[in-house]
Amino acid sequence: SFVRQSPSAGGANTTAGGADVGDGGDDNVNERERLDDHADSNEINAGAGTGTAEAQVVDYCQPVDISAIHHVEPYFSCPPPREPLPVLRETLSSTNGVALARLWVLCGGETYLGGTRTNEQDGSVYVRPGKLEEFIEQVQENCLTICGFPFKKLDKKSEKQFLFQRRQQLQSKLLVEHNARAVLQWTVMILYQQVKQYVVSGDLLVGPIRQMLQKERKIPQAVSELLEHAAQLLERDEEMTHDVLEAVRECGMCKDISKHTPADVGIGGGSDA
């Protein structure tokens, strides 16, 4: 049996195939003992404070939120000394198990237990590298067999529609957001897509991604100074004024950032820039 885990969900583990679940401590130990006694049961409750395994598995069955700042990063593990990929091959039918295990390997060693090796002599760590192109090829060849749906790359029309829908979702979230960091993150996501036609998300939005965005020719100097000022306030853990917050929000809501002049919030640029 193997465990499907979500590091971003506070360490809670969801189960598949009767593996152990929980959030650590004595509750986790008791849960393991209970699962050992009921290995054939389909009703598996998670450890204290984590809810039922069924409720957590449902999260993985929901449509992907294309406007999310952070995405869940699931990975498989299983009780040592066994490794998850061999278990995956054995648990599922030969065709599906091998195909899924191959996909997991191509995602890179940091996504599964056993993908990272430590040299006992010098202590160096080797992580099996991911291979994006081979992963896509593997999905194309096996998607229909695994889940019953063919894999299809986006054409120009579908891609344009996807970006349009994503921008609408991002702006709808930005419009009602009051948290300063989230407002800056949504704005960077929207502007990066508008300027570069790329989809970005994750922990680097306020840092490196914002810095790359500010170097783009389509970003006016006044907008760049505003984004820099907002990011510095967050870095120093200082409160962002209402004027700065709304100026950043307006940048994300504007139709064409290259023609946008942000409100003067007293940072040296403003409407005269």
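Trainee: In which helix is Gln-194 found?
Mentor: This is a predicted model. In it, Gln-194 is found in helix H7.

Trainee: Is Gln-194 buried or exposed?
Mentor: The relative accessible area of Gln-194 is 16%. Buried means under 20%, so Gln-194 counts as buried.

Trainee: Which backbone nitrogen lies 2.7 Å from a polar atom of the side chain of Gln-194?
Mentor: Leaving out residues up to four places away in sequence, Gln-194 touches Arg-167, Cys-254, Lys-255, Asp-256 and Ile-257. The backbone nitrogen that lies 2.7 Å from a polar atom of the Gln-194 side chain is that of Ile-257.

Trainee: Which residue has a side-chain polar atom 3.4 Å from the backbone oxygen of Gln-194?
Mentor: The partner sits in the loop between helix H7 (180-196) and helix H8 (205-214). Its relative accessible area is 45%, and it is partly exposed. The residue is Gln-197.

Trainee: Which residues does Gln-197 contact, leaving aside its neighbours within four places in sequence?
Mentor: Contact requires heavy atoms within 4.5 Å. With the sequence neighbours set aside, the contacts of Gln-197 are Leu-163 and Tyr-192.

Trainee: How far apart in space are Gln-197 and Lys-160, C-alpha to C-alpha?
Mentor: In sequence, Gln-197 and Lys-160 are 37 residues apart. In space, their C-alpha to C-alpha distance is 9.4 Å.

Trainee: Which element gives the largest share of the largest nonpolar core?
Mentor: That core has 35 residues, and Leu-184, Leu-213, Met-240, Val-248 and Ile-257 have the most contacts inside it. The elements that give it two or more residues are helix H6 (156-176), H7, H8, helix H9 (221-235) and helix H10 (242-253). The largest share is eleven residues, and it comes from H7.

Trainee: Which residues does Met-240 touch, not counting residues up to four places away in sequence?
Mentor: Met-240 is one of the residues with the most contacts inside the largest core. Beyond its sequence neighbours, it touches Ala-180, Ala-230, Leu-233, Leu-234 and Leu-245.

Trainee: Why is there no bond between the sulfurs of Cys-143 and Cys-147?
Mentor: A disulfide needs two cysteine sulfur atoms within 2.5 Å. The closest cysteine sulfur to that of Cys-143 is in Cys-147, and it is too far for a bond because the distance is 3.6 Å.

Trainee: How far is the nearest cysteine sulfur from that of Cys-251?
Mentor: Cys-251 is buried, with a relative accessible area of 0%. Cys-251 is in no disulfide, and the nearest cysteine sulfur, that of Cys-254, is away by 6.2 Å.

Note on methods
Residues are numbered from 1 along each chain as its sequence is written. This is a predicted model: local features need pLDDT of at least 70, side-chain atom pairs count only at pLDDT 80 or more; totals for chains, interfaces and linings use all residues. Side-chain values use heavy atoms; hydrogens and water are left out. Buried means under 20% relative accessible area, exposed over 50%, partly exposed in between (1.4 Å probe, protein chains only). Helices (H or I, at least four residues) and strands (E, at least two) are DSSP runs, numbered from the N terminus. A polar contact is a pair of N or O atoms within 3.5 Å; within protein, one must be able to donate a hydrogen and the other to accept it, and residues adjacent in sequence count only if both atoms are side-chain atoms. A nonpolar core is a set of buried Ala, Val, Leu, Ile, Met, Phe, Trp, Tyr and Cys residues joined through side-chain atoms within 4.5 Å.
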